[in-house]
Protein chains: 2
Amino acid sequence: MELWYTEKQTKNHGITTKIKRTLHSEVTPFQTLDVVETHQFGNLLVLDGMVMTTDKDEFVYHEMISHVALHTHPNPKQVLIVGGGDGGVVREVLKHPSVERVVLAEIDGRVIEASKEYFPAIAAGLSDPKVDIQVVDGIRHIEENPDTYDVVLIDSTEPVGPAVGLFQKPFYQKVYEALKSDGIMVAQTESPWFNQDLIRQVFADISSTFSITRLYTASIPTYPSGLWSFTLGSKQYDPLEVEEAIMEQIDTKYYHPGMHKALFQLPVFVQELTENKE
Amino acid sequence: MELWYTEKQTKNHGITTKIKRTLHSEVTPFQTLDVVETHQFGNLLVLDGMVMTTDKDEFVYHEMISHVALHTHPNPKQVLIVGGGDGGVVREVLKHPSVERVVLAEIDGRVIEASKEYFPAIAAGLSDPKVDIQVVDGIRHIEENPDTYDVVLIDSTEPVGPAVGLFQKPFYQKVYEALKSDGIMVAQTESPWFNQDLIRQVFADISSTFSITRLYTASIPTYPSGLWSFTLGSKQYDPLEVEEAIMEQIDTKYYHPGMHKALFQLPVFVQELTENKE
């Protein structure tokens, strides 16, 4: 018998991948959580029926949501991750020697536990003494910690279910307030092929809150369309004005300092999503 | 009844897309040829069971195989396209005013006819008086036309069936000979996620033939992994040394002169495919 996991990424299109077996299935207080072992991508984490991460391509998302902001801020010490219970973003943030404390605000503790069990290489950083794991609503944590962080990374699920509030303008205003006066945020903002209205809206909302807003993309084969976007909001530092020479060398598989500025040379149709058409 | 077209892009992974209807199916002397109308991507051309192009994302492949070489060569006049019967590369090449003649060497005339019927926007350039359509074996055409072309673009199908010979070292040597003394070639070279051995081999083969070899990628959601690679071989001009200011403005949806050099800042794992590990 052949088993295939199929995710309809839109109403009319999806991916299908052959699995060896289901490793774990549960309904947490927040979402369904499944882990399957695939032939192509190793272990695969599924939340509410959507691929969150896999052993083989996880490095792209986790590196790309982290290093652009951490190499734009000259001295990031206090970092907050909203969501990100699998630990992959924590692992990447810890590669920056200036970082003194990483707070992980994950609403669903079961994601953290499942990641430790089935994705040990992704969860590797969670036991580091610099890491403060808080199983809380990230929005509430942000409200209670004004003027605290150098960098805030919004590692959310899709804008359905528990993450809906993380894609709305009042949330970006709260993130702004939780950041210090030279702080930077990055949010994952879906596919430039399939989620154009959302990207336009989020880019406009972050632009109206932060003085500098930049979009960039990365190739993630298990995410819808294979192309994913990230939106950066910054109070002071522009990623286009960072000197490559002062970036520390970090051990990565996707991001490197040489691509830092090149990332912002977007395809024409993606660039257009960032331009105010009113 | 719902109809879904599923392509196994590897033995263990694929895409699945909902279709409205099958528009055309035939067995040509060279391959199977199907056209289906999809909900997500408009009309979709399938050769030997593999997605070749769709209405919605065709611009990426056609622009990206063309403009990098045509903006690297200072004065491209004679251009050969091997394969490319759908006409999309012809359309892009014709956007460069220096081009005097475009030869399309397509082995399967049925692809040309089907494209004219079902993909009129892609086939639009095929009736231009600068275009010389030859239904021939591209390898034979190249052998018979030494020292002829400024740019040769290898718009082949996958390295199975009729296109196998287009991924082999003796072919690149013949392309070298068909080019003038300052000529440039670009070949489509598959997915950096799923075809790493092929990319390594092709890059090494082109490197041993041409003095300058460069790899770049583009996001194509209907191709395996969503990330596609192109390999450029050049006798004289380096794409990294072209001045953006001298590139003419062209009407495009993906490529623009500002991304020309940025394209070569590859992800670490892709860059490694171009490095000789022996």
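## Cavities, cores and loops: worked exercises

**Exercise 1.** Identify the strands that each supply at least two residues of the lining of the largest cavity.

Solution. Strand S11 (212-219) of chain A is one, and strand S11 (212-219) of chain B is the other. Strands here are DSSP E runs of at least two residues, helices H or I runs of at least four, both numbered from the N terminus. The model is predicted, so local features need pLDDT of at least 70 and side-chain atom pairs pLDDT 80 or more, while totals for chains, interfaces and linings use all residues. Residues count from 1 along each chain as written, chains are lettered from A and ligands numbered from 1 in written order, and side-chain values use heavy atoms, without hydrogens or water.

**Exercise 2.** Describe the largest cavity: its space, its central residues and the classes in its lining.

Solution.
- Step 1: take the space. The largest cavity holds about 410 Å³. A cavity is a set of points on a 1 Å grid where a 1.4 Å probe fits but cannot get out; lining residues have an atom within 4 Å of a point.
- Step 2: go to the centre. The lining has 22 residues, and the closest to the centre are Thr217(A), Tyr254(A), Thr217(B), Tyr254(B) and Leu263(B).
- Step 3: sort the lining. There are 16 nonpolar residues, six polar ones and no charged ones. Asp, Glu, Lys and Arg count as charged.

**Exercise 3.** Do the same for the second largest cavity.

Solution.
- Step 1: the second largest cavity has a volume of about 100 Å³.
- Step 2: its lining has 16 residues. Closest to the centre are Ile15(A), Pro221(A), Ile15(B), Pro221(B) and Gly226(B).
- Step 3: strand S2 (13-27) of chain A and strand S2 (13-27) of chain B each give two or more residues to this lining.
- Step 4: the lining of the second largest cavity divides into eight nonpolar, eight polar and no charged residues.
- Step 5: count the cavities of 30 Å³ or more. The structure holds seven.

**Exercise 4.** State how chain B maps onto chain A.

Solution.
- Step 1: superpose the copies by least squares on C-alpha atoms with pLDDT of at least 70 in both. A rotation of 180 degrees, with 0.0 Å of shift along its axis, places chain B on chain A at an RMSD of 0.0 Å.
- Step 2: the two copies are therefore related as by a two-fold rotation axis.
- Step 3: check the interface. Of the interface residues of chain B, 100% are also interface residues in chain A, so the copies meet through the same surface.

**Exercise 5.** Trace the largest nonpolar core, and the place of Met64(B) in it.

Solution.
- Step 1: the core has 59 residues. Met64(B), Val93(B), Leu153(B), Tyr216(B) and Phe230(B) touch the most other members. Core members are buried (under 20% relative accessible area, 1.4 Å probe, protein chains only) and joined through side-chain atoms within 4.5 Å.
- Step 2: helix H1 (residues 58-72) of chain B gives the most to this core, eight residues.
- Step 3: beyond four places in sequence, the contacts of Met64(B) include Tyr216(B), Phe230(B), Tyr254(B), Met259(B) and Leu263(B). Contact means heavy atoms within 4.5 Å.

**Exercise 6.** Is Asp147(B) buried or exposed?

Solution.
- Step 1: locate Asp147(B) in the loop between helix H4 (138-143) and strand S9 (149-155) of chain B.
- Step 2: its relative accessibility is 53%, so Asp147(B) counts as exposed; the cut-off is over 50%.
- Step 3: check the backbone. Asp147(B) has a positive phi of about 55 degrees although it is not a glycine.

Note on methods
1 Å grid on protein atoms, 1.4 Å probe; cavity = no way out; pocket = protein on both sides within 12 Å on 5 of 7 lines; lining within 4 Å. Points joined across faces, edges and corners; volume = space filled by probe spheres on them.
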